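Visitor: I should be grateful for a close look at one part of this model. Please take the packing of a pair of helices as the starting point, and then proceed to other local features.

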Amino acid sequence: MKKLILLILVIWVCQIIRVSAQSPKREMRASWLTTVYGLDWPQQPIPVTNQAYYISQQKSQLVSILDNLKAANMNTVFFQVRSECDAMYQSSYEPWSSYLVETRGANPGYDPLAFAIEEAHKRGMELHAWLNPYRFETQVGKYKGKAGDYRQTNPEWVLEYPDKADGGKNVSILDPGRPGVRKRIVDIVKEILSNYDVDGITFDDYFYAYGGTPDNLDLNTQNLHKPAGMDLHDWRRDNVNKMVADVYQAIQSTKPWVTFGLSTFGIWTTDQTVAAKEGLTLPQGIKGLDTYKSIYCDPVAWLRDGSVDYISPQLYWPTTSIGQDYDVLSPWWSDVCGKYHKHLYVSHSLSDLEASSYSALKSGSSIDIAMELNGMSMLEYLSFNEGVNLKSAPTEYGQQIQINRAADKMGAPGSVFFRASNFYTQGFVNYLKTNEYRNKSLAPAINWKTAPVMNLPSNIQLDGQQLVWESVDKGMRYVIYAVPNEAVGGKVNYASPEYLLDITYTKSFDLANQSELIATHQFAVATLDRYGNESSAVMMGQNPGNNLPASLLMPENGQSVFLPFSFRWEEVADANGYHIEIANDISFSDVIYKRELSGTDFKASNVNFLVGNTYYWRVYSRSNGVVDEVSETRSFTVIEAPKCVISSPANNDINESLTPHIAWEKFGDGYTYILQVSSNSSFSSFVFENADIGSTSIQIPANTLLPYSTYFVRVKAVFEGVESAWSDVVQFSTVEEAPNIPVILSPTEGQNIGASSVEILIQADPKAASFRVELSERPDFHFMYLKVLTLDAFTYKANFEKLDATKYYVRVRANYGKNNYTAWSEVRSFERLATNTPQLEGDMLSLYCPGQLSDSEVIVNVELPEETMVNLSLYNISGAQVMLLESSQMRRGKYEFVLPADQLQRGMYILSLKTGLGSKTLKIVK
């Protein structure tokens, strides 16, 4: 029920958002463009070096992919340039890829990475070079004796995993424990940075191989490099952590604006002991394979140590999954990234858009770590093998995008879709552009790094259909806005994507395909540095605005505050936006948070990692055509929020009344109080809540609490956006009273009932936690003839429908909590009388299904002679319903229903067709 309600709410919210709101101006919208096996590109390797026809074909295919992504309003592509210690670029360390040219190491005749960067930048898209750090071969021996065979040059680097028990080949990787391997990966990254104008470097989840690494596989490396007494698994994780840190440092020393992130499997760990060491609480209900133990991957350590700019966990489960709940994992990862003020760009698998008869991972299942991965990373494997949730609609991904946005605390939501070819499926491009991505967006800014001061563009003018301008800055990008003529005179909200037209890597923009805008819009240009920071926009032909520094209001300088609170400042008359900046030091050399805003209020709940230290904040006001003005700097100290104190009942009180008085100490003048009572200590649900209590006590109303039960209560104070911490939780137990045996009020003994449904009414008993009502055609209540309804507390009516014309028996018992059941009530009998509904012959109402089920889908045939209500269900031999195939009003005709027999266990089943015209049953066996 929780999942159903959540799904309905998500769909409802998404519909509201699609109608009334824009997509965010800042959002990572990326696609993995896969080259291993030629999954996305190239469709065919070049047979022989430097063949113009094949080069042209590969280039055309790549351009088509980029055009497709651009049409979906994507802003980034993750281009796989190193999949098996090979290269899609000119490398001095490793050979040209055999997926690019048939002979590994042969020069293809052009440089795909240089070409891809040029074409992506033409479209205003970022290009991040995607590398697999350790994988050497997707099958041991694949490149033996060929170009780039590390067995010949560095045999000590190669770890060959043993073949599988079924004879399947396994993989070989570069040994993460070898310092030389770590240096080689760093050197490869530095070479790419030096030779290519990439916007980012990204790794996927290929570290130690999936399926488990034997303890003795890297024994020689352990003997050389593992510190004495260090746990083997901790050492392996440390090997990966060192590589990640070294790569990050190499990027910072070479091109610090280049973004670095990694894509990991979607579950970090399920071990609360591991989480506790990091001060984290694991998301509830999550189970399955985790990246921490299986491949020695620790993304939380990278976030904590500042070794990445973002992570992109692979949340390849639908919003309806149980055990790997998307709606739980995405917000959890967002909170973790927020804690370390880094970005979260979730990876989604689009393989479910493809029609398929096979699903490698069914919804709700966990991953079998012994499965045949064929040398793939999990990123590649799950999508290549048709994903996790068969035949998902594009709207499923729309819901996931909305969940990401709602959970974001950094002003930097993001999605990375695996993989580019799947954008052609089920109209996904049109879906994104029409719904979630109907506005263009800028990739999030890595704005905590120190960046050079930007100058504003100048001399903006139209040269025919070319928008051109001047800029003294080198190596910048530019944001183009198209503002309707009627909006030019007012405040233009550049923090919104409404007027965002595109970005360009040059000092001009071609309007040939949008020439109609020239007569109806005015154009503005802003400088966008390589970190993603944006200057004030300059409107063509408009005088600069007047700008003043904002006057800060709250917190006051040197004030001690506790979360949650709000930063507030006075509105600047001509400002069209603001930036808030928070730093660890007064010189703002260590900026930990920066956010573009359109209003003058910012909730500190977005930066809830600010605890126990002194910080500094300031606000930049932004106005058209002039540089930003900065406010004064203020310091503030975040202290632990004081708690409310509950005075009654005392903790662990017993025999409390069912309507107890809850009382607490006064927190301060003007405060109101929120009180919650729950049946569980996690307060995941409430039996009572009041969020606006003006006094310091309240009586719990009748028909709320149950006897024989334990409850938990907490209180907090609220005043003008300031909230106390929750009080310590107080636990109490309610009185234990003698149970009452239920009394059936109707039907009366021997009553005749003409309707096909009957209402069982029982005497009210507010002390009962629930009731079990049983209806049977036999007085011994044999399970084969039994119908059962369970009533919640304070519910005293049970309705049984679609009853056949026969005699029935009914009885009730109550549960007083903790499975404390009463005796059964007296048994009542009543007669369901026959009606005038004609009894049909067998050939008029038809039900057919094979008596022996296979392991695939089975077709059930139903023929209806006239319109009627239809209930088609499958029951097990115990009489319990295991599947509902149909329940609706249907017209006359022949119908087919799919029975997914592959989901059934072996055994005997009863297929039941019940209609207003009669019923049919079939016995079937699997």
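Guide: What follows begins with two packed helices and moves on to cysteines, a small sheet and a single valine. Please bear in mind that the model is predicted.

Two packed helices are described by the angle between their axes and the distance between the axes. Here the pair consists of helix 11, residues 326–339, and helix 13, residues 394–407. Their axes lie 9 Å apart, and the packing angle is about 35 degrees. The crossing of helix 11 over helix 13 is right-handed. On the side of helix 11, the contact is formed by Y326, D327, S330, P331 and S334; helix 13 contributes Q400, I403, N404 and A407. Sorted by class, this contact comprises four nonpolar, four polar and one charged residues.

The cysteines may be considered next. A disulfide is a covalent bond between the sulfur atoms of two cysteines. A search of the whole structure returns zero disulfides. C337 accordingly takes part in no disulfide, and the nearest cysteine sulfur, which belongs to C297, is 13 Å away. Is C337 buried or exposed? C337 has a relative accessible area of 1%, and because the limit for a buried residue is under 20%, C337 is classed as buried. The same limit applies to C849, which counts as buried because its relative accessibility is 5%.

Elsewhere in the chain there is an open sheet of three strands, in the order 13-14-17 and with antiparallel pairing. Strand 13 (458–463) and strand 17 (508–510) form the edges, each pairing on one side only. From one strand to the next, the twist averages 10 degrees. Strand 14, residues 466–470, is joined to strand 17 by three bridges in the antiparallel sense. Which residue of strand 17 is the bridge partner of Q466? That partner is D510.

The last feature is V788, located in strand 42, which covers residues 786–792. V788 has 33% relative accessibility and is therefore partly exposed, as this value falls between the 20% and 50% limits. Leaving aside residues up to four places away in sequence, V788 touches R772, V773, E774 and F800. One of these, F800, is 12 residues from V788 along the chain, and the C-alpha atoms of the two are separated by 8.9 Å.

Methods. Residues are numbered from 1 along each chain as its sequence is written. This is a predicted model: local features need pLDDT of at least 70, side-chain atom pairs count only at pLDDT 80 or more; totals for chains, interfaces and linings use all residues. Side-chain values use heavy atoms; hydrogens and water are left out. Two strands pair if DSSP finds at least two bridges between them. Helices (H or I, at least four residues) and strands (E, at least two) are DSSP runs, numbered from the N terminus. Axes are lines fitted to C-alpha atoms, for helices over the stretch in contact, and angles run from 0 to 180 degrees between N-to-C directions. A crossing is left-handed if the near helix is turned anticlockwise from the far one by less than a right angle, and right-handed if clockwise. Contact means heavy atoms within 4.5 Å. Ala, Val, Leu, Ile, Met, Phe, Trp, Tyr, Cys and Pro count as nonpolar, Asp, Glu, Lys and Arg as charged, and the others, Gly among them, as polar. A disulfide is a pair of cysteine sulfur atoms within 2.5 Å. Buried means under 20% relative accessible area, exposed over 50%, partly exposed in between (1.4 Å probe, protein chains only).
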